[in-house]
Amino acid sequence: MAWTTAEVARMSGTTARTLRHYDAVGLLVPAGTGAGGVRLYEREHLLRLQRILLLRELGVPLAVVGQVLAGQRDQVAALRAHADELQAEGGRLARLAETARRTAAHLEGEDDMTEQQFFEGLARDRDRYEEDLVAQHGEGVRTASAQSRERTAGWSRADFERAGQEHRELAERMGAAKRGGAAPGDEAVQVLVAEHHAAVAAHWTPDRTAYRGLADTYVEDQRFRSFYDDVETGLAAWLRDAMGIWADAHLA
């Protein structure tokens with residue numbers, strides 16, 4: 001199984017730009033490329049990225065990370081060493097330590113983890129990221145986040161994975177429509193946007209202003225823009241326009 005840059009960025013909490021930089025400096029070179037030149041990462045790359053992010057959390061300069069990784073051939077021992085160091089830093093890093101321990105056990109066949117779980121606790125900037133969105137788009141972002149957490153509180157791992165897969169498939173269909181010359185206001189495109197709104201509403205229910213704000217975020221925020229533009233160049237801006245048309249026609 002392989003993951004695109006946008007998918008790896010989303011699951012790890014980093015950015016597509018950071019992943020491209022890691023590729024440029026030879027720290028994390030993708031397995032290859034897919035249709036349209038999209039970078040593809042395999043499971044071994046996700047594990048290497050986890051170790052890179054762990055070292056960065058410990059304050060290791062990026063220039064030294066590659067040298068450190070080259071000397072850590074025993075993955076299990078290295079992960080346990082990371083876990084011990086992280087736990088010494090206190091409660092804030094407790095989740096990072098647990099992630100490292102679980103991954104070590106997983107590599108020895110003692111625990112079952114999904115690739116997404118490799119990165120639990122590593123995205124410590126997510127609270128700041130939410131605050132940035134609040135500053136840009138208002139307190140509605142905080143309300144939407146709380147609503148989403150409440151609605152998905154009882155979701156299983158399979159529920160989240162299924163929702164993610166459905167969103168990726170919808171993005172691929174949108175990309176195919178744009179690639180085929182469809183305009184944002186075309187009837188077939190608006191049907192796709194209706195599906196998108198329904199998928200969003202499974203987490204939180206946006207009104208016209210909120211849905212338009214989400215559309216703008218898809219272009220303004222690097223994480224979202226990379227997710228869509230990795231599917232088809234310019235897809236984020238195309239989708240923003242399509243969402244605006246749909247919102248004006250269907251939302252109050």
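**Entry 1: helix 3 and helix 4**

I began with a pair of helices and saw that helix 3 crosses helix 4 in a right-handed way. I kept in mind from the start that this is a predicted model. Next I looked up the geometry: helix 3 covers residues 43–57, helix 4 covers residues 62–70, and the two pack at an angle of about 130 degrees. Their axes are 10 Å apart. The angle lies over 115 but not over 145 degrees, so helix 3 and helix 4 are oblique to each other.

Which residues make the contact between helix 3 and helix 4? From helix 3 I noted Arg 48, Arg 51, Ile 52, Leu 55 and Arg 56. From helix 4 I noted Leu 62, Val 65, Val 68 and Leu 69. Sorted by class, this contact has 6 nonpolar and 3 charged residues, with no polar ones.

**Entry 2: helix 1 and helix 3**

Helix 3 has another partner to look up. Helix 1 packs with helix 3 at an angle of about 45 degrees, and their axes are 12 Å apart. That angle makes helix 1 oblique to helix 3. I found this crossing to be right-handed.

Here Val 8, Met 11 and Ser 12 of helix 1 meet Leu 46, Leu 49 and Leu 53 of helix 3. By class I wrote down 5 nonpolar residues, 1 polar residue and no charged ones for this contact.

**Entry 3: the whole chain**

I stepped back for a moment to see the whole chain. I found 13 helices and 3 strands. The chain has 252 residues, and 42% of them are buried. I also looked at contacts between residues at least 6 apart in sequence: 64% of these join residues at least 24 apart.

**Entry 4: the cores**

A handy reminder for myself: in soluble globular proteins, nonpolar side chains tend to be buried together. With that in mind, I looked up the largest nonpolar core, which has 28 residues. Which of its residues touch the most other members? They are Val 193, Tyr 211, Tyr 228, Leu 239 and Met 243.

Five helices each supply at least two residues of this core: helix 9 (157–179), helix 10 (187–201), helix 11 (208–220), helix 12 (222–229) and helix 13 (235–250). Helix 13 gives the most, with 8 residues.

I then picked out Tyr 211. Leaving aside neighbours within four places in sequence, I found Tyr 211 in contact with Val 193, His 196, His 197, Pro 206, Met 243, Trp 246, Ala 247 and Leu 251. Apart from this core lies another, of 16 residues, and among them are Val 8, Ala 9, Met 11 and Leu 55.

**Entry 5: helix 12**

Which residues of helix 12 are buried? I listed Gln 222, Ser 226, Phe 227 and Tyr 228. These buried residues pack against helix 1 (5–12), helix 2 (16–24), helix 9, helix 10, helix 11 and helix 13.

**Entry 6: Gln 190**

My last stop was Gln 190, which sits in helix 10. Is Gln 190 buried or exposed? Its relative accessible area is 13%, and buried means under 20%, so Gln 190 is buried.

What does Gln 190 touch, not counting residues up to four places away in sequence? I found Pro 184, Gly 185, Ala 242, Ile 245 and Trp 246. I checked one of these partners further: Gln 190 and Ile 245 are 55 residues apart in sequence, and in space they are 8.1 Å apart, C-alpha to C-alpha.

Conventions:
Residues are numbered from 1 along each chain as its sequence is written. This is a predicted model: local features need pLDDT of at least 70, side-chain atom pairs count only at pLDDT 80 or more; totals for chains, interfaces and linings use all residues. Side-chain values use heavy atoms; hydrogens and water are left out. Axes are lines fitted to C-alpha atoms, for helices over the stretch in contact, and angles run from 0 to 180 degrees between N-to-C directions. Helices (H or I, at least four residues) and strands (E, at least two) are DSSP runs, numbered from the N terminus. Angles under 35 degrees count as roughly parallel, over 145 as roughly antiparallel, 65 to 115 as roughly perpendicular and the rest as oblique. A crossing is left-handed if the near helix is turned anticlockwise from the far one by less than a right angle, and right-handed if clockwise. Contact means heavy atoms within 4.5 Å. Ala, Val, Leu, Ile, Met, Phe, Trp, Tyr, Cys and Pro count as nonpolar, Asp, Glu, Lys and Arg as charged, and the others, Gly among them, as polar. A nonpolar core is a set of buried Ala, Val, Leu, Ile, Met, Phe, Trp, Tyr and Cys residues joined through side-chain atoms within 4.5 Å. Buried means under 20% relative accessible area, exposed over 50%, partly exposed in between (1.4 Å probe, protein chains only).
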